[in-house]
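Hi,

Here is the structure I promised to pass on. Have a look at it first, and my notes follow underneath.

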Amino acid sequence: LQALVEHGGGLDGGHYVAYVKSDDGQWFEYDDSKVSRVTEPEILKLEGYMLFYRLRASETKIAERKHIMDSIEDNNHDAADTVLISRLWLLRFLNFVDPGPIDHSPFVCRHKHINLGEGNAERRSAKVRAIPSAVWRQLQSKYLGGPVIPPGALRNEVMCAECCAEAAALLSRRKYE
């Protein structure tokens, strides 16, 4: 049990109070703007309206995460043999029992080309992380999804010609109007 919500009152109205267990195992009561510490015996006496549980990862899943992250952080891989992966999906991989397929859809234009968006390379690199191609193949074979994002996308080398033409036409039209 990670949290619960208790409802006080009747069908025609009432009040909700939330109780949440922190990472260090302490329980807190959230009652409007008031937050106070409560004990576990107090929690066990409550009649929860909604209960929230945390699904724990298996030892196998924990070992898989460690292996993947060690492989990513190992500086012995060839920088030329890397691809980019969504930082958001990596966060899901590290924290969810089932992260779902690798989702790069925010980086794919309607013409099916890779586009990390406007801005400088630092801004684009906040969205993705370079990983060895071997790690990509391992993750992609298990979780599916994609597509592969080449490292050149960070330097904006991978631009969709159709999107560029549409943007230029829009800019021209705006100047005319």
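**Cysteines**

The sulfur of C160 has its closest cysteine sulfur in C109, 3.7 Å away, which is too far for a bond. I should say up front that this is a predicted model. For C163, the nearest cysteine sulfur is again that of C109, at 3.6 Å, and C163 is in no disulfide. The cut-off is 2.5 Å between the sulfur atoms, and by that rule the count is zero disulfides. C160 counts as buried because its relative accessibility is 1%.

**Inside**

The largest nonpolar core has 14 residues, and I72, I85, W89, I102, I131 and L139 have the most contacts inside it. At least two residues each come from α2 (59-73), β6 (82-86), α3 (87-95) and α5 (133-143). Of these, α5 gives the most, with four residues. There is also another core lying apart from this one, made of seven residues including L84, F107, I114 and A153.

If you want one residue to click on, try I131: setting aside neighbours within four places in sequence, I131 is in contact with I72, D81, T82, V83, I85, W136 and L139.

**Outside**

Which residues make the nonpolar surface patch of about 440 Å²? They are Y16, Y49, M50 and F52. M50 sits in strand β5, which covers residues 50-52, and counts as partly exposed because its relative accessibility is 39%.

Cheers

Notes: Residues numbered from 1 in each chain as written. Predicted model: local features only at pLDDT ≥ 70, side-chain atom pairs only at ≥ 80, totals over all residues. Heavy atoms only, no water. Buried < 20%, exposed > 50% of the residue type's maximum accessible area, 1.4 Å probe, protein only. Patch = residues over 30% accessible without salt bridge, like charges linked within 9 Å, V, L, I, M, F, W, Y side chains within 5 Å. Areas by Shrake-Rupley, 256 points an atom, 1.4 Å probe, with all protein chains shown as cover. Salt bridge = Lys/Arg side-chain N within 4 Å of Asp/Glu carboxyl O. Core = buried A, V, L, I, M, F, W, Y, C linked by side-chain atoms within 4.5 Å. Contact = heavy atoms within 4.5 Å.
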